[in-house]
Amino acid sequence: MAQPDTKKIFFENLSGAGKAIAVLTSGGDAQGMNAAVRAVVRMGLYVGAKVYFIHEGYQGMVDGGENIKEATWESVSSMLQVGGTVIGSARCKEFRSHEGRLKAAHNLVQQGITNLCVIGGDGSLTGANLFREEWSGLLGELVDQGLIEADAVQKYSALHIVGMVGSIDNDFCGTDMTIGTDSALHRIIEVVDAIMTTAQSHQRTFVLEVMGRHCGYLALVSALACGADWVLIPEMPPEDGWEDKMCQKLSATRSRGTRLNIIIVAEGSIDRHGKPITSNYLKELVVKCLGFDTRVTILGHVQRGGTPSAFDRILASRMGVEAVLALLETTANTPACVVSLCGNQSVRLPLMECVQMTQEVQKAMDEKRFEEAVKLRGRSFENNLKTYKLLAHRKPESELPTSNFNVAVLNVGAPAAGMNAAVRSAVRVGISEGHKMFAVSDGFEGFYKGQIKEIKWADVGGWTGQGGSLLGTKRTLPAKHVDKIAEQMRMHNINALLVVGGFEAFESLLQLYEARATYEELCIPMCMLPATISNNVPGTDLSIGADTALNAIVETCDRIKQSASGTKRRVFIIETMGGYCGYLASVGGLAAGADAAYIYEEPFDIRDLQANVEHLTEKMKTSIQRGLVLRNENSNENYTTDFIYQLYSEEGKGVFDSRKNVLGHMQQGGAPSPFDRNFGTKISAKAMQWVTKKLTETFRQDEGRVFANTEDSCCLLGMRRRALVFQPVVQLKEHTDFVHRIPKEQWWLKLRPLMKILAKYKTSYDVSDSGQLEHVVRNRPKESDASVAM
């Protein structure tokens with residue numbers, strides 16, 4: 001019999017009773033900080049601790065008084081969707097002095113605070129660690145000065161610190177994403193998409209300057225996400241003579257019929273001699289060398305503003321909860337840690353290890369060791385740079401390898417935002433690898449009808465930002481038409497297949513694999529990329545398109561909740577898509593601050609519905625005026641959206657009224673989010689490199705053909721926890737519920753208790769996955785360049 005997990009229900013052995021936790025935001029603001037503050041406050045209160053706000057960052061800690069206030073459950077309601085930080089942030093010179101830290105220590109001891117949760121950049125976190133190291137000495141001084149009693153030294157002997165990185169620049173080593181980065185990318189991409197339409201109209205070149213004094217992450221990833229012609233970043237200054245190369249590239253792009261050029265430059269960009277490369281210099285260069293009509297747009301603080309994206313809300317909520325758990329588990333000997341994201345997992349890393357590596361990057365840049373600086377930024381950054389170079393700069397025909405292999409790419413299933421970015425990436429990487437690329441229109445229906453044609457480098461220009469499926473996609477499975485598909489493969493001499501799609505794509509690959517015994521034409525390498533808003537494909541934690549759908553849900557929920565402001569108490573029941581998969585309802589609920597989310601995977605009955613109504617009734621008696629309930633479309637055939645709406649309307653009479661909203665296909669449409677563009681681009685590039693490797697391995701010289709019939713030649717490329725992994729589709733069969741079209745195990749179900757805790761429900765929370773203190777790894781295992789796809 002399996003031993004029970006002793007960490008399973010954390011509040012049985014991890015109590016915050018008698019503890020005081022303070023949360024502050026410091027340094028530059030970032031979207032998502034409020035979500036982190038909310039999570040810290042509510043999780044802290046949930047475990048029985050007292051929680052305090054420290055307003056205005058370290059300045060508020062030094063000044064004390066009204067700046068340190070006890071937080072309540074209600075004091076963090078309605079702040080999830082607000083950008084910036086509602087508790088304020090300030091840079092504080094006084095805290096850098098010993099006297100300033102002495103004042104801060106006195107103010108904390110007066111409130112009994114010995115647990116600090118700091119949300120900020122590396123400077124803020126370094127300051128917190130110094131404060132922690134000096135703590136016992138500071139208390140001794142306070143006793144000597146008669147400001148605190150001698151027994152307070154024993155009572156408050158250790159200061160515990162946990163950090164979360166809030167920075168739009170994503171410039172902190174040890175985490176794949178910092179809070180605020182994804183939202184800043186949303187702002188940049190919104191501007192780029194808008195600029196592209198006007199640039200096209202006038203055949204203009206646009207130079208866009210984005211933030212990043214010392215880190216080029218925003219510039220690099222936005223260039224990857226919009227297919228920019230040229231990008232300049234501080235970590236990798238261009239080689240001497242770059243001006244001529246850039247102008248040649250812009251000219252070549254125009255000569256192929258493109259009506260615009262986009263250049264993205266990070267504000268801290270320099271050349272190899274340390275001379276700044278400004279946006280105005282770039283404009284003058286293009287005008288002088290090419291005579292193109294050129295404009296400059298400096299995005300500035302727009303990138304810091306606006307509402308946080310769904311990704312940032314979820315990231316900040318997960319990190320906030322993990323930070324409280326870390327504080328509860330810490331001892332006097334535990335080093336200050338920072339809560340980080342690695343792949344799709346929360347991890348805890350020693351704070352100073354991360355800070356030291358972050359400082360090493362700057363040192364490498366100052367000493368002009370640029371290759372090393374890129375490596376120190378982490379595998380994610382390095383991978384982004386390689387992928388950008390591969391896709392943006394076309395090699396001359398003479399330099400391309402000649403493989404004589406034909407590779408077909410097609411979309412299968414429902415459209416998902418990011419599919420086009422994946423196809424563009426596949427086509428360009430395939431051409432760079434020397435293959436001839438073929439596009440199949442309308443999925444397997446188009447395949448058996450012969451809708452197959454060669455697709456060239458320029459044909460996929462501008463595809464990254466397009467929603468839906470430009471190739472066309474159908475749900476038709478290949479089984480009924482396998483003979484015709486094999487015939488088309490023979491006619492076009494298709495040597496490998498890349499399928500981008502959802503559950504139908506997974507079923508299609510299984511059918512093609514099983515048909516290999518009958519049709520030798522199908523004995524070729526096949527790879528599938530998961531692309532579906534439902535995120536219901538086995539073998540992957542994330543699918544292309546799911547992030548865009550989540551953002552659509554969260555934006556709509558924000559608007560719907562806002563519509564109730566100023567009115568009487570109101571509860572909204574919102575239906576989401578997803579088939580039988582509750583991912584969108586659950587994770588959307590966490591990001592939107594929902595009170596409940598009804599899904600198929602977690603059966604519910606009338607008693608649960610009644611308990612939810614009673615819970616909302618209790619909440620409405622406080623200052624909270626609005627409730628939000630999400631329901632997955634197939635969560636229960638009897639408890640329909642109408643039924644739940646009518647039940648809430650009847651049972652809530654006199655306390656709140658109810659409204660319902662079915663979101664429908666708006667979740668499937670729209671331009672892809674930066675996350676989906678980059679996820680699609682990067683996994684597609686990786687898949688094509690796998691295809692090339694398999695083609696080489698399975699080519700039979702004596703027969704002059706490719707022959708691949710092993711399980712590992714028909715794979716799905718998915719993101720599992722911390723890594724991108726190729727998995728044979730046959731091996732995924734046993735992990736799949738084919739009746740309901742969902743995986744048997746789904747990682748995001750562990751996030752559901754988190755949503756309930758933040759909505760004030762008593763529930764158990766599985767912390768068996770929560771981060772143990774790890775160490776910063778300079779070179780992670782090769783596969784882990786998943787880096788949460790960003």
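Reader: Which helix supplies the largest share of the lining of the largest pocket?

Author: Start with the idea: rolling a probe the size of a water molecule over the atoms shows where empty space is left. In this predicted model, with residues numbered from 1 along each chain as its sequence is written, local features need pLDDT of at least 70, side-chain atom pairs count only at pLDDT 80 or more, and totals for chains, interfaces and linings use all residues. Side-chain values use heavy atoms, with hydrogens and water left out. Here the largest share of the pocket lining comes from α4, with 6 residues. Both α4 (122-144) and α11 (351-366) give at least two residues each to that lining. Helices (H or I, at least four residues) and strands (E, at least two) are DSSP runs, numbered from the N terminus.

Reader: How much space lies in the largest pocket, and which residues are closest to its centre?

Author: The largest pocket holds about 890 Å³ of space. It is lined by 36 residues, and Arg-91, Gly-121, Asp-122, Gly-123 and Ser-124 are the closest to the centre. On a 1 Å grid over the protein atoms alone, a pocket is an open set of points with protein on both sides within 12 Å along at least five of seven lines, a cavity is a set where a 1.4 Å probe fits but cannot get out, and lining residues have an atom within 4 Å of a point. Points are joined across faces, edges and corners, and a volume is the space filled by probe spheres set on them.

Reader: How do the residues of the pocket lining divide by class?

Author: There are 16 polar, 11 charged and 9 nonpolar residues in the lining of the largest pocket. Nonpolar means Ala, Val, Leu, Ile, Met, Phe, Trp, Tyr, Cys and Pro; charged means Asp, Glu, Lys and Arg; the others, Gly among them, are polar.

Reader: How many cavities are counted, and what lines the largest cavity?

Author: The count is 1 cavity of 30 Å³ or more, and the volume of the largest cavity is about 230 Å³. Its lining has 17 residues, with Phe-311, Ile-314, Asn-344, Leu-542 and Tyr-583 nearest the centre. By class, that lining has 13 nonpolar, 2 polar and 2 charged residues. Helix α10 gives the most, 4 residues, while α10 (310-329), α18 (546-563) and α19 (583-592) each supply at least two.

Reader: Which side chains meet in a salt bridge between α10 and α18?

Author: Look for a side-chain nitrogen of Lys or Arg within 4 Å of a carboxyl oxygen of Asp or Glu. The structure holds 39 such salt bridges. One of them joins Arg-313 and Asp-558, at 2.6 Å from N to O. This pair links distant parts of the chain, 245 residues apart, with Arg-313 in α10 and Asp-558 in α18.

Reader: What is the strand order in the open sheet that holds β6?

Author: Two strands pair if DSSP finds at least two bridges between them. The order is β7-β8-β6-β9, with parallel pairing. Because β7 (230-232) and β9 (294-298) are at the edges with a single partner each, one side of each has no neighbour in the sheet. The twist averages 15° from strand to strand, where axes are lines fitted to C-alpha atoms (for helices over the stretch in contact) and angles run from 0 to 180 degrees between N-to-C directions. Strand β6 (205-210) is joined to β9 by 5 bridges, and Thr-205 stands opposite Thr-294. Helix α7 (217-226) lies across β6, β7 and β8 (261-266), at about 160° to β8.

How values were computed: Contact = heavy atoms within 4.5 Å.
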